[in-house]
Every structure is written in structure tokens, then in C-alpha cells.
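Student: Could you take me slowly through one part of this structure, the chain lettered B, and show me how it meets its neighbours and how it is held together inside? I would like one connected account rather than a list.

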Amino acid sequence: MLRFTLRRILQIIPTVVVVALLIFVIFSVVPGTFASSLFSDGKRAADPQMIARLNEEFGLNKPVTERFVSYVTDLAHFDLGTSFRTRQPVIDLINDRMGASLKLAIAAMVFAILVGVPLGFLAALRPGSILDRGAGAGAVRVPSMPLFWRGLLMMFLFALQLTWRPGFGYGDGSFSTLILPAITLGVTPLALLARTTRAGVLDVLNADFIRTAHSKGMSEIKVVRWHVARNALVLIVTTVGLQFGSLIGQAVVIEKLFAWPGIGSLLVDSVAIRDIPVVQGTILVIVLWFLVINTAVDLVYAAIDPRIKQE
Amino acid sequence: MLKRMTLAAMLSLGVATGALAAGERHGGTLFFTAPYGSSFATLDVQASPNTQEEFITQAIHRALYSWDSHDNKPVLELATSEDVSADGTVHTYHLRKNAVFHNGKPLTADDIIYSYKRIANPKNAFPGASFIAIIKGADDYIAGKAEEISGLKKIDDNTLEITFTGPFNPGFQLMQNTVVIYPSNVSDESSFGKTPVGLGAFVFKEHVPGSQVVVEKFDKYYEEGKPYLDRINIVLMAEDAARDVAFRNKEIDVSVLGPTQYQAYQGEEGLKDHLLEVAEVYTRNIGFNPAYGPFKDKRVRQAINYAINAPLIIERLVKNKAYPASGWLPISSPAYDKDKAPYAYDPEKAKALLKEAGFADGFEFEVTASPNESWGVPIVEAILPMLKKVGITVKPKPVESSALGEAVTTNNFQAFIWSNLSGPDPLNALRCYYSKTAQSACNYTSYSSPDFDKLYEAAQQERDPAKQNDLLRQANNIVQDDAPVWFFNYNKAVMAYQPWIHGLVPNANELAVQPYDDIWIDDTAPASRK
Amino acid sequence: MRLGFNFWLGATLTALVILAGVLAHWIAPFDPVLDADLMNSELPPDATFWFGTDAQGRDVYTRILYGAQISLTVGIVSQVINSLIGITLGMTAGYWGGWWDDLVNGLTNVMLAIPSLIFALAVMAVLGPGLPSLLIALGLTNWSWTCRIARSSTLSLKSQGYVQAAQTLGYGDLRIMFTQILPNMMGPILVMATLGMGSAVLSEAALVFPGLAIFLSVLGFNLLGAGLRDSLDPHMRTRKP
């Protein structure tokens, strides 16, 4: 188990390195610069001297190879660079926003698990019932709605029509601001979890080794609880882990809509104004988190189901 | 809840219920919105060129001049009076004696010199440097050739003498939010970005990144009796839709409206009476690159102006949230010519002009456009069928907003659609058509007209404001006739405000940015505000 | 194959979207771009404009039909690109193994590590807005799962009797891959592609924000995919030898 763990963790490193390379290349050819984006809203006339001064300060006039070398050297020292916009270290900006994003993602996932898993269980225990068919239909239809719409619909319903507050923003970080965005984000993993749990439970209920356990005389309840739970757990853990990754991507849309100060909206804003160090730093951090979570899921999976380690 | 009414006054008026129209009420919390982004770049406002930071600047800082929105001109702010020399270039300012920074230091001439030097410092690359450049000797300092700015001279603690490079009114430049005055006794300059200290009516309290900035009333503000508010929460909220919901829910006190919301709010009972409208100083236009064949000919450019029905687009697409443009200078400009009509909608005339210029079969061109709903791709889509009728094929070339500026300033376009600053100073606005202005600096259409240049240079030297405005008016008319752009509209800014808010001003520079010291909240506000 | 309710509903919706998209040019009463008259803006539905007009005065019905065309294009083209990349890389990696397999695996890991929406955002920033950029961005983003499936299918099919027979007969590698292995893994790949179409269109919505045709198309694809998957489920059909 230890070797497997070590191997898995080490695999992260080359992946991160390649990702860093990839994003550097992409953002060195992107049109528009930070300096030019400052004038794009037309609210002040373009000042070529200022543009030149800024480009010089940011080192954008140096040749690509030189910039690449300094980028890589900085990364090796865990230095993510300085933001063009705020002139603060990128790592500070990310730290400020990371907490909010994590809160959102975790809350969404918790919501999805708390509602989705029991729903899946119930549907599996009563296959073909109204509950089952309704949940199944919903599971396919709901994720079809574009996230942006879903968010607006939630805001409209809950904030305007029912006047539950607050409808937006982070405010003082209290729990009430978290509810609406977390639910909106959590709906897709909820649907998937319900479906997966249902399939997993059904599979197990019909499987051979259940019949074997039955014939060995284990009591009904113990049979259901132990085997079903264990195998369903595997599926749930895998799904949660995988969904977490796509959650981070989807959180971007939610963060923009609900004015949620997370790193998703930081990324989108920084791309728009071409604040390259922040873009590169944010993507790296997001990718790192994603890899860490995936590896953790793999390890848990391996711990639960020893057959996996054989490969 | 503090009411500044003595018992005698109350009894003499015989009214006990508070909400009198005349009395400004003291106290309360304002929930203001900063709608131009989802974060503040920095709290060191001298370092930031973004409009977004101006929301903080207005609360915490002051500059030598400020903008008077009622008279539409700059006025002295940190000085009580000034003496101007005979040739108009030397101004001697008598600074306020009771102005105090939030850290207790009284304002002196040293602070102004320190601040201007910091802004112009070549190591900093601050945006305000181009405004400081109007001071004599600043150019050398900015280029690193001098240690001091020769035009700044301290006479004594409360008297400052500034020599400018010309006889113009320096108020337009020195009122800008990027040239505010910082205290010179702060040893660690990096603290300006974390805990800003200024001369404004409010003191910085806290910054929640990505969410809001909170400021509180400064007891020692130099204007007696102000500010009225105890506290302001400046909330970040960039999405129109989110602001709409929050405003209707009474969670925020003001909201800048886009065209769709403008139309909706105008139709609703509770909302339509609380809309503040102002003609802002921006001209929306499609600029033509004279290097691209057909655009060399004035008749082609004029034809395009005749072929497009601008008022109809404004009515239908922009939902009347703009004023049709006649020339470059907007309605609020002192050099605006109200007697000169805009190009009429006349497709027949357009066709005739095109035929004269040799383009009876039409031609095609690309318009580089950003996604903006008021001056971007949707507008280009609207003119598409209109120009098709006179034989011209238009192809929108969508780019991201940040790429638009780059494309235009590197002269990499056939035509572009943009919203450009055209005020409040008409001399500065028409600089864009002066042939000596670089293409990348503002003369995006590479315009050059000897007649215009003559009038402009005369205006630069003219000291009498009325004569200067007349010269500029004539120059503006030349530009309109030459049609280097398609004149689309001047922006109408609209801000919705809750019924309990008073003291907002029609700021033509940027309606969303308000001087907070005049704002007060009346009794009808909900409990959360008081 | 047992084809349930989901499958038929999905198939119907998808067929409608496809019909609308393909025939848009002939059945649409107006031109979606040029037939814009601001005098007609925002009219309610009537005899001429079945669904009314939009803010520019364009017929909404026409726009929906052409919108279906766009959604279809986005869904199909991006999935074709995805599948091409995924199948090529996955199949060759599984078949040849060795350093090529390691390389492809590493690349797949990298692509899986970057959330797809974020990668698409980055690519679109470089290419600028517009339909071709969107197609390329989406095409480059989601090929990883197809690649994994292709690779594992190839690994298990490689040892099948008929493949080894072909090898002894001296057939070239590429020929074997395309004639023997590829047809046998099309099942799961098709399901991936169908579901992927829905996801591609959703990504389009997040990246671009347009209309109603999207909801219907995505719903259609999702149901179709779900229906296909249920019917292809090993418990419910017999395998081909």
C-alpha cells in the first residue's frame, strides 16, 4: 500500500510541470495585453507612454525564451510572480480567495451527498416506483439546463419571488450567503450521485455474492447493510472525487453570477484583463488541487477495494 | 440616529414627525455599489488607472481640485483661494488651514509636492504621471533627468506655487482621482495599499477582497457638518442581473442601469421616479482607417453617416439610453454647437455620394468590435442591413474587450466601434483630431486637417474661455463635416436609487462615481440602514 | 435490444433538432442576419413571425432553427474532433505500448487535470471569440475519456483470437487496428460521443450564453445517450463473439 501511495503522489509532479509549460505557451501568444486592456472601456484616452512604461515594467518586452526561463526558475522556488493589476504577490491574491471557493465546493458536495445518496438508495429499494421514475427523469433533465440559467432561475425564485435573503454576494461570510450558490452548483453532482447510488445498490442487490450470503443464512438486514453499503461506498467515493474536479470548473460560472469572491471569478477576471501571472498561478493551483483530490480518491478506493492495487 | 435640530427649533416648527424635506439627517449606513469589476485592484489609488478604484478614492481621498457636477467645471478643493499670474502660467494656492489627514497630520504644501513626485516617479509608472506632466519640469523628472519638479515651489506650509507649461486651466487634470494627495509622513509606502490614509470625509475601515470595502465617518473632516453618513459599505457587484435583484430586494441603495433594466425600471411604479439621468462625456462611434481604400474618400465616410438610422438604433437597441450624436463633442460640452444638425437618415443621398465616389457597386469592410451591448457587436449587427441597402457589406470582427484597445492603438483595423472620452474639457477632447497627436495616443483615425489645426492652435493660446469655446466649436464642426467616424451617440448614464437616498449629483464624468459627503439618508430607510 | 422510454424521447428530440438544423436554410422563412428591421423589434408572435421578433427585429423562429444548426454543428464537430484525437491516441497507445503509451498516458493525465471549462477559456482567449474558435477549443478539451476507453478496449481486444490470426497472416498494424479493433469498440465510444455532444453544447452555453435551442438539444442528447447506455448495458444484451 505504501509503495502504491508513493507512486501515485509522485505522478503528480510531472503532470504539474507539463501543465505549467502548457499554460505559459498559451498565454504568451494571447492577443491583447494588460496595458491595452486598461483603455478598452474607452473611459480614458490611450496613453502610449503609459502603455510602454507598463510593458517595460512587466518585462513583456523581453524575448519569449528569456521570459520562459525566469518563469520556470520562479516556479522552482515556489514563486508564482506578481500580479500586473495589484502589484501584489499572486500567492496572496489566491490565498484571499481560496477559502471562499473551497467553502462553495464543499458545501455543494455536502448538499449533493446529503440529498443525492439517500434519494438513490430509496429509488433502488423501490425500483419502478413513482419516486424512482421521478428521480430518474429529474436526474437527466436538470443537468441539461445551462448553469447560468439555473443560477438566474434560483435567484429569481428564491431571492425575488420568495424574498429569502440574501440573493447574492459574500457579505460577512455567514452561512446564509452560501445557501443559494451551493445548491445551484450542487444540483448536477446530486443528480449524478443519485443515479450512481441507485445503480450501485441495484447491482449489488442482484449480485451473486448476496445470494451466497443469503444462503449462508446471514440475516436480511445485515446482508443489505454490509455488502450494499460497502460497494455503494466505492461508487460514491469515486463519483464524488471525479465530480469535485468538474465542480471547480463549473464554480467559475456560479462565482461570476452570485458575486462570490472565489478563485474561479479571479481566473475569469484575470483572463479578461490579461493579468498573466495571476492566470498562470490560479490555473496551477486549481490543477494541483484537482490532482490532490483525485489521488486521494484513488488511494481511498484502493484501500476499500484491494483488487485495484494489483495493476 | 442623530438629529441636528434643537428642541426650540422642533417646538417652533410644531412638527414632530421627522421627515422634513429641508433637513439633512445625520447618521446611517449607505450600501453603495462598485459595478465595474468583481474586485478592487489595490487600495493605493495613485497606482491604479481603473475607474473601479475611484469609488474608494471619493470616500477616503481628496485632490487639489474637484469636479462640481452642478456647474460642470473643476473647482478648488484643498485650497481656499489662488492667485494667477498675468501670463496665466503661475498659480499660487492658499491651502486650507483646517485640513487634517486621517493619521492626524495637518495638510501642508510638502504633502502636495511629495504626492506629485511620487506619482510622477519614473520607477512607479503610475497613470497620474500624464496629468502631472502639465507642471513645468515634470517631463524631465518623469524621464529621470531631474531630481525635483522645478515648477513646484513651497512658499510656506500653507502656500504652494505651481508653474504650468501653458496658460490653460489645470483643474481638469489636477481633479483626477489618480492625483490625490497622500500624507508625506508615512515611512512605509507599501502601507498605502493596505491601510490607505487620506484627507477625505471617510476613514478606511476594512477591505474584504472580492466583496466590499467599508469606510467610516471622519470626525475631523475639514468641511463643517459633513459628512452626513456614519458608514459606507462599498459593495462589489459587476453583473447587471445580480444588481437588479439586489436593488429590488433593497439590499443595495444605488444601481447603475444597463439599457434593458433602464427600460424595465421606467415602466414600474415604485422605480421610475427614482432615476438619476445624465449626459456623460463619451462619444460612441465607428472609426474608419483612412489607409483602407474606400475610406480615403470623405464622400464614402459621409455616405455611411447618411445610410444609418442612428436614432432608430438608439430607440430600439439602446432603449433610449443615449443621445443621438451630431459632432464629436457631447451635449454637456461648453463648445457643443446646438445649432448644427446631425447627419440625417437619407439612404438616397448615401447612394448618390457613393456613386460619385466611384462605389456604386458598393464594397465591404470589417468592423472590429467587442461584445459590449451598447457599443459592440449588437450595434454592428444592427447597421448590417442598413448598409446592405446601399450596397455596402459589413462584417463584424468580434474580439475580446482587452484586445480591442490593442487592435486600435496598433492601427490594426479597417474600422472599429468604440466608446471614447470626449470631455469634460473640450480642449483635451479635440486633441484627438489635432494632426500632431499620435495615432496610438487618441488620434485613432489618423486625422489631419490644416484648417482644424489652425483653429485648435489658436484655441490653445486663447485665455478668454468664451473665445476659446467658440474656436473649439468651429473646429468641432470641421470634424463633423469631414466625418472621420460614424457619429453614433453620446452616453446617457442612468442610476436608480432607493427613495430614502438624497444628495446624489449628476456627475457627467462618471455618474456611478459619487462624492459621498453630500449623501444623506432620511427616516423612511429600513432599520438596517439607520 | 430493449429500448426504453428514455431512448425514444431522446431520439425524437434529437431528430427534431437535427431536422431543424439541417433543413434550416430551406424551411426558415427569413434570413437570420440580414432580415433585421429595427422597426419590427420585439414584436409578440403573430402570423408572420411565429415566435415574435428579437431586439434587432429578427424573426425568432428563424433564429431558433439556425440556432439548432449551430448547436448541432458545435455538438457534432467538437465530438468528431474529440473522438478522432481520442481514438487515434488511445488505440495506438494500447496497441503499440511502450514509450508511446507512457507519453499518451501522461498527456491524458495532464488534460484530465485541467478542468475542461478552464482550458476552453484559455484556448478561446488565444483564438478570439467566434464559432471556429469555439469548435477548436471544445474539440481540444474533452478527448481524454474517449482516449482512455479506446485504450482499454484495445488492450482487451488485442488478445482476441481474430486479431492474433490477422497478425500471423501478416496484416499491417494500422490495417488491423482499423478493421478489427475499431469496429468492436464503437459501442461505448458512441455513448461517450452522444453524451459528449450534450456536454459540448453546455460548454458552449457557458462560454457564449445563448438560447432556448440549447436546452432542447442538450436534453435530447442526454436522453438519447442515457437510453443508448441502458440498452448497451452488458446485463441486457448478449455479446458478440
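**Chain B and its contacts**

Tutor: Between chain B and chain A the count is one salt bridge, and that is a convenient place to begin, with the reminder that this is a predicted model. The bridge in question brings together the side chains of Arg274(A) and Glu400(B), with 3.4 Å from N to O. Beside it, four residue pairs are in polar contact between chain B and chain A, counting pairs in which both residues have pLDDT 80 or more. Several elements of chain B each supply at least two residues of the side that touches chain A, namely α4 (129-132), β10 (231-236), α7, α14 (401-409) and β16 (415-421). Of the elements of chain B, α14(B) gives the most to this side, with six residues. Sorted by class, the side of chain B that touches chain A has 27 nonpolar, 17 polar and nine charged residues.

How much area is buried between chain B and chain A? The figure is about 3,900 Å², and carbon and sulfur atoms give 53% of it. In terms of residues, 53 from chain B are in contact with 45 from chain A. Ala125(B), Asn249(B) and Ser402(B) supply 14% of the area that chain B buries against chain A, which is more than any other three residues supply.

On the partner's side, it helps to keep the confidence of the prediction in view: chain A has a mean pLDDT of 77, and 80% of its residues reach 70 or more. Among the elements of chain A, the lowest mean pLDDT, 63, belongs to helix α9 (residues 208-216) of chain A, and the highest, 86, to helix α5 (residues 90-125) of chain A.

Helix α7, one of the elements of chain B that touch chain A, deserves a look of its own. In this helix (residues 240-248) of chain B, Ala242(B), Arg243(B), Asp244(B), Val245(B), Ala246(B) and Phe247(B) are buried. Just after α7(B), Lys250(B) takes a positive phi of about 65 degrees.

Now turn to the other neighbour, chain C. Here the contact takes 16 residues from chain B and 14 residues from chain C. The two chains bury about 1,200 Å² between them, with 60% of it on carbon and sulfur atoms. In chain B, the residues that lose the most area to chain C are Arg316(B), Pro385(B) and Glu400(B), which together make up 38% of what that side buries. Glu400(B) is thus a residue to remember, as it also takes part in the salt bridge with Arg274(A).

Across the interface of chain B and chain C the rule finds one salt bridge. It is formed by Glu381(B) and Arg58(C), whose closest N and O atoms are 3.4 Å apart. Five residue pairs are in polar contact between chain B and chain C, both residues of each pair being at pLDDT 80 or more. On the side of chain B that touches chain C, α11 (310-316) and α13 (377-389) of chain B each supply at least two residues, and α13(B) gives the most, with seven residues. The residues of this side divide into ten nonpolar, one polar and five charged.

Finally, consider the inside of chain B. The structure holds 30 salt bridges over all chains, and one of them joins Asp44(B) to Arg118(B), the closest N and O atoms being 2.8 Å apart. Asp44(B) lies in the loop between β1 (29-34) and α2 (54-60) of chain B and Arg118(B) in helix α3 (residues 109-120) of chain B, so this pair ties together parts that are 74 residues apart in sequence. Are these two residues buried or exposed? Asp44(B) counts as buried because its relative accessibility is 8%, and Arg118(B) is buried too, with a relative accessible area of 7%.

Another salt bridge in chain B is that between the side chains of Asp481(B) and Lys340(B), at 3.1 Å from N to O. This pair links distant parts of the chain, with Asp481(B) in helix α17 (residues 465-482) of chain B and Lys340(B) in the loop between β13 (322-324) and α12 (347-356) of chain B, 141 residues apart. At 36% relative accessibility Asp481(B) counts as partly exposed, and Lys340(B), at 22%, counts as partly exposed as well.

Terms used. Residues are numbered from 1 along each chain as its sequence is written. Chains are lettered from A and ligands numbered from 1 in the order in which they are written. Side-chain values use heavy atoms; hydrogens and water are left out. pLDDT is the predictor's confidence in each residue, from 0 to 100. Helices (H or I, at least four residues) and strands (E, at least two) are DSSP runs, numbered from the N terminus. Contact means heavy atoms within 4.5 Å. Buried area is the accessible area (1.4 Å probe) that two parts lose on being put together, summed over both. A salt bridge is a side-chain nitrogen of Lys or Arg within 4 Å of a carboxyl oxygen of Asp or Glu. A polar contact is a pair of N or O atoms within 3.5 Å; within protein, one must be able to donate a hydrogen and the other to accept it, and residues adjacent in sequence count only if both atoms are side-chain atoms. Ala, Val, Leu, Ile, Met, Phe, Trp, Tyr, Cys and Pro count as nonpolar, Asp, Glu, Lys and Arg as charged, and the others, Gly among them, as polar. Buried means under 20% relative accessible area, exposed over 50%, partly exposed in between (1.4 Å probe, protein chains only).
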